[in-house]
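Visitor: I've just opened this one. Can you walk me through it?
Guide: Sure, ask away.

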Amino acid sequence: MALSVEPVPCLSDNYLWLLKDAATGAVALCDPGEPEAAIAAVEAGGGRLDMVLLTHHHGDHIAGAEALRAKYGAKLVGAAADARRLPKLDVALAEGETVALGASEAVVIDTPGHTRGHIAFYFATARVLLCGDTLFSLGCGRLLEGNAEEMFASLKKFAALPGETLVCCGHEYTESNARFALTVEPQNKALVARTAEAAVQRAAGRPTVPTTMAEEMAANPFLRAGSVAKLAEIRSAKDSFR
Ligand code: ZN
Ligand code: FE
């Protein structure tokens, strides 16, 4: 693959994502939630870091960013609309604008709902989606600053991407998401199978992500909600689900 992508666990259940453009050796990290894990990942990959991609302003996605810029001279890339809440950006982008990682290119998708200025990065050629806390495997982000209408529109943009798109999300929430998802669609065979697969992956100490858009379209009740009202209903049910 022209662009390799790998999840690196950090904090209690976050993932930062390490991306490497094969043609040029250019490296990016997405959502470095802590400096130590981020620096260790860069060092393990050869000590080069060109770019830090930030999906939104929460501390568990940005806390390592300044340290990475200081140590590697990496450029910080994030949403122009949320620049005042992000570390000082070197590249501030709006929806539809692109950023290059060597020979690979990502386009910015606006995805409000979890936070107002949340964005996703989509590498179209490699079919890699960095979706932060908007979409999780079998779940979606909490509506901390946005409403169900915005989240519905954001998820709809993801739903339009090719099925083989790799979904690279910000957290390892799959097993707890599965428990809730099964209350929404207990008969969904893809969901039942995905739940079993995730249990095996976690028992082996492996990440359950990346997953694919096709898998999520088949099993994720938040992507499968056909209306804003349905999405609002299941999102609020999930908020109080234990
Ligand atoms: Zn967040
Ligand atoms: Fe988060």
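Visitor: Let's start with the rings. How many aromatic pairs does a search of the whole structure find?
Guide: Four. Rings of Phe, Tyr and Trp (its six-membered ring) pair when their centres lie within 6.5 Å; planes under 30 degrees apart are stacked, over 60 edge-to-face, the rest tilted. One pair is Phe136 with Tyr173, whose ring centres are 4.9 Å apart and whose planes stand at 70 degrees, so it is edge-to-face.

Visitor: And is this an experimental model or a predicted one?
Guide: This is a predicted model, in which local features need pLDDT of at least 70, side-chain atom pairs count only at pLDDT 80 or more, and totals for chains, interfaces and linings use all residues, while side-chain values use heavy atoms, with hydrogens and water left out. Residues are numbered from 1 along each chain as its sequence is written, with chains lettered from A and ligands numbered from 1 in the order in which they are written.

Visitor: Back to that pair. Where in the chain are Phe136 and Tyr173?
Guide: In distant parts, 37 residues apart. Phe136 belongs to strand β11 (residues 135-136), and Tyr173 to the loop between β13 (166-169) and α5 (174-184). Helices (H or I, at least four residues) and strands (E, at least two) are DSSP runs numbered from the N terminus.

Visitor: Is Phe136 buried or exposed?
Guide: Phe136 is buried, at a relative accessible area of 4%. Tyr173 is partly exposed, at 27%. Buried means under 20% relative accessible area, exposed over 50%, and partly exposed in between, using a 1.4 Å probe and protein chains only.

Visitor: Okay, give me another pair.
Guide: Phe180 and Phe241 are also edge-to-face, with 5.3 Å from centre to centre and 70 degrees between the planes. This pair too joins distant parts of the chain: Phe180 is in helix α5, and Phe241 sits 61 residues away in the segment after α9 (228-239). Phe180 is buried, with a relative accessible area of 3%, whereas Phe241 is partly exposed at 28%.

Visitor: Which residues form one aromatic cluster?
Guide: Phe180, Phe222 and Phe241.

Visitor: New topic, metals. What coordinates the zinc ion (ligand 1)?
Guide: Three histidines and an aspartate: His56 through NE2, His58 through ND1, His114 through NE2 and Asp133 through OD, at 2.2 to 2.3 Å. Donors are N, O and S atoms within 2.8 Å of the metal (3.2 Å for Na, K and Ca), and water is not among the atoms, so sites may look incomplete. Along the chain, the zinc donors follow the spacing H-x1-H-x55-H-x18-D.

Visitor: How far apart are the zinc ion (ligand 1) and the iron ion (ligand 2)?
Guide: They are 3.1 Å apart, and Asp133 coordinates both. His56 and Asp133 bring together distant parts of the chain, 77 residues apart. His56 is in the loop between β4 (51-53) and α2 (59-62), while Asp133 is in the loop between β10 (128-132) and β11. Both residues are buried.

Visitor: Which protein donors does the iron ion (ligand 2) have?
Guide: Asp60 (OD), His61 (NE2), Asp133 (OD) and His171 (NE2), lying 2.1 to 2.3 Å from the iron. Their spacing in sequence is D-H-x71-D-x37-H. Asp60 lies in helix α2 and His171 in the loop between β13 and α5, so this pair ties together parts 111 residues apart in sequence. His171 counts as buried, at 4% relative accessibility.

Visitor: Switching to the backbone, anything unusual there?
Guide: Some background: most residues other than glycine have a negative phi, and most peptide bonds are trans. Here, Val209 and Pro210 are joined by a cis peptide bond, with omega at about 5 degrees. Pro210 is in the loop between α6 (189-203) and β14 (211-212).

Visitor: And what about phi at Asp31?
Guide: Asp31 is not a glycine, yet its phi is positive, about 55 degrees. Asp31 is in the loop between β3 (27-30) and α1 (35-44), and it is buried, with a relative accessible area of 2%.

Visitor: Where does Leu138 lie?
Guide: In the loop between β11 and β12 (139-140). Leu138 also has a positive phi, about 65 degrees, although it is not a glycine. Leu138 is buried, with a relative accessible area of 0%.
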